[in-house]
Amino acid sequence: MSAPTPRVVIVDDHGLFRSGVRSELARHVDVVGEAANVEEAVACIDDLRPDVVLIDVHMPDGGGLEVIRRAAHEQDSVRFLALSVSDAAEDVIAMIRAGARGYVTKTISGPDLAEAVERVRDGDAVFSPRLAGFVLDAFAGEPPPEGADVELDQLTAREREVLQHIARGYMYKEVAQRLGISAKTVEAHVSAVLRKLQLSSRHELSRWAMERRLVDPE
Amino acid sequence: MIGAMAVLADAAPAEDMRRIRRDPEAGMIAGVCAGIAGRAGIDPIIIRLAFVAAALFSGAGLIAYALAWIFIPARQGGTVAARLRPARGNIEAVLGIGLLVLSAALLLRAAGWWVSDAVVWPAIAAAIGGALVWRQFVGPAGAAAPAEAPRGPVQAETRVEPLPGARRLSVAGVGVALVLGAALVFLWANGALDAAGDAVLATVVVVVALGLILAPVWWRLGRNLAAERAERIRSQERAELGAHLHDSVLQTLALMQRRADDPREVAALARRQERELRAWLLDRPPARAGESLAGALEAAAAKVEESHGGGIEVVTVGDCALDDRAEAVLAAAREAILNAAKFAGDAGPIDVFAEVTPQRIEVFVRDRGPGFDPGSLPDDRQGVRESIVGRMERQGGRTEIRTGADGGTEVELSLERGAS
């Protein structure tokens, strides 16, 4: 990692959690700011222009979604990594579709989180096993009927394979090793999946996320 | 009236009043006769004839019927349609009965079986008013308090939806007015008021004034009752939430403080509590574990985690019913998870990934342990292998065990669906 240390802003309404993350990341990244609510976060991001914003999903006044909506469009260089205790599909998918580059749960270890921050800073996507599972589930089944953008609405065989390996708990490097491709290629696949997830008009996607919570699959 | 009460009492002794239920679906009018006959175990036609015969004696049967209708509750558990019959139907029925009583009264009057206008008309008005008042406050189930919607006791008559408090009171008010009016008319018609004209006027004025004063209080009372009920529901919810948190989260936190010297145990406790809380928040019934492969797999992993510690992350894509074949995969997967937790649980998290497609079921169990050579397994672990590999083979499935270059073992189970 020859690149400079990433500059990070932590947005979370729990002070205890913020300081925990800050101390865990201290050796790996440069935590330049903290924010406890949406207003603070937007001001802080505008002001400090960090590389990566670690953002909590559930906060008062609209939560992480609101922060991304208000802060992301002006500053393309700022990237968001969602960090949450929630593993509900609708939260995960909503954050990704709003523009987050990845989603990790709060139980992630310090070094893993530092690595994820760097990866997001470099423009790559960060998929946890659970997120990979969600995506596979969301894109499963028959391709949508004509009229839809097939490119965006389906995963390629290779992308599926990569996601399956991530869901099985392999790190990107290990996935590359197992599939006999370079780590960069794995990252490219994951980024492609992220783009599809964000741009796909596949109408089932949002509904799927909602329904997964309401109705148990048969 | 006395005759009417006697008939009513004969037909339905006070002790049995509670148990007789009108049967509106089987009845001709309101099911009174059908209900009584059903209770007595005889043909309804006998009861009907008895009522008709009683009706011929100065309309006693009609009044008895009306009273029975009012006081005998309808049989519960009637069809939904019957219970939801619109109120208009009730009004029509009441109107019909009223006209019947009226015509019977006129008939009797014309026939000369008549006491006196000054007695009968006020008596009828008082009977109606009294019935209205009694209906509101002395429900068949003794429901004097406002009914608890929507599971309130089924009221007499086909109306099941209990009246809201305010309407209840206004209906009762009409009843009170009828009874008082009837009493006044009776007194006036019998000349009893001549002597006390001024006193009556004064009384009326005072009553009206009191009514004006008390009406808003009454109205407020109704509103307060509704607010009180909402508050009670809210506090019940709070109590339930509090009880749950107390039983689960607080207990676990206390336990964790006592075990603070054992990080593994603390982590396991935290994981278990987290899982429980998530399931509770998502309102996910634990019964799901017995029905679907994904649910059962999650439950199995949770169980292993509880007994052996370590973090087991289960990710599932798709799902299927837990038939014999899925059951075999589940048993094999459970064994693999158990092995991973036993021999590699300390080395890092264990990932379980299951994907169910219409074509096949695949389960991957991956640990971060030192790995082992499947060919060099000691005999005592051969049995364990049997319960994974053998089980899968018997169902026509496949097992692959891989160890990575830098450690970590992955057990892959796959089973074609549809094939046998």
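**Exercise 1. A loop residue in chain A**

Find where R49(A) sits in this predicted model, and decide whether R49(A) is buried, partly exposed or exposed.

*Solution.*
Step 1: Look between helix α2 (38–48) and strand β3 (52–55) of chain A; R49(A) lies in the loop that joins this stretch.
Step 2: Check the backbone. R49(A) is not a glycine, yet has a positive phi of about 45°.
Step 3: Turn to the accessible area. The relative value for R49(A) is 45%, and partly exposed covers the range between 20% and 50%. R49(A) is therefore partly exposed.
Step 4: Try E39(A), which lies in helix α2 of chain A. With a relative accessible area of 51%, E39(A) is exposed.

**Exercise 2. Salt bridges within chain A**

Work out which parts of chain A are linked by the pair D12(A) and K106(A), and then do the same for R119(A) and E187(A).

*Solution.*
Step 1: Recall the idea behind such pairs. Side chains of opposite charge can pair when their charged atoms come close.
Step 2: Take the pair D12(A) and K106(A), whose closest N and O atoms are 2.8 Å apart in a salt bridge. D12(A) is in the loop between β1 (7–11) and α1 (15–25), while K106(A) is in the loop between β5 (102–105) and α5 (110–121), and 94 residues separate the two along the chain.
Step 3: Are these two residues buried or exposed? The cut-off for buried is under 20%. D12(A) is at 1%, so D12(A) counts as buried; K106(A), at 18%, counts as buried too.
Step 4: Now take R119(A) and E187(A), which form a salt bridge at 3.6 Å, N to O. R119(A) belongs to helix α5 and E187(A) to helix α10 (residues 183–199), so this pair ties together parts 68 residues apart in sequence.
Step 5: Apply the cut-off again. R119(A) is buried at 16%, and E187(A) is buried at 11%.

**Exercise 3. Where the chains meet**

Describe how chain A and chain B touch, using contacts, area and charge.

*Solution.*
Step 1: Count the residues. On the chain A side 22 residues are in contact with 22 residues of chain B.
Step 2: Add the area. About 2,000 Å² is buried between the chains, and carbon and sulfur atoms give 43% of this.
Step 3: Count the pairings. There are four salt bridges between the chains; R160(A) and E355(B) form a salt bridge at 2.7 Å, N to O. Ten residue pairs between the chains are in polar contact.
Step 4: Ask which element of chain A gives the largest share of the touching side. The answer is α6(A), with five residues.
Step 5: Sort that side by class: six nonpolar, five polar and eleven charged residues.

**Exercise 4. A buried glutamate in chain B**

Place E410(B) in its surroundings and name its partners.

*Solution.*
Step 1: Locate the residue. E410(B) is part of strand β5 (residues 409–416) of chain B.
Step 2: Judge its exposure. With a relative accessible area of 1%, E410(B) is buried.
Step 3: List contacts beyond four places in sequence. Among them are R168(A), Y170(A), F364(B) and R402(B).
Step 4: Look across to chain A. The side chain of E410(B) makes a polar contact of 2.6 Å with the side chain of Y170(A).
Step 5: Widen the view. E410(B) belongs to a network of salt bridges with R168(A), R398(B), E400(B), R402(B) and E412(B).

Notes: Residues numbered from 1 in each chain as written. Chains lettered and ligands numbered in written order. Predicted model: local features only at pLDDT ≥ 70, side-chain atom pairs only at ≥ 80, totals over all residues. Heavy atoms only, no water. Helix = DSSP H or I, 4+ residues; strand = E, 2+ residues; numbered from the N terminus. Buried < 20%, exposed > 50% of the residue type's maximum accessible area, 1.4 Å probe, protein only. Polar contact = N/O pair within 3.5 Å; in protein donor to acceptor, adjacent residues only side chain to side chain. Contact = heavy atoms within 4.5 Å. Buried area = accessible area lost by both parts, 1.4 Å probe. Salt bridge = Lys/Arg side-chain N within 4 Å of Asp/Glu carboxyl O. Nonpolar A, V, L, I, M, F, W, Y, C, P; charged D, E, K, R; others polar.
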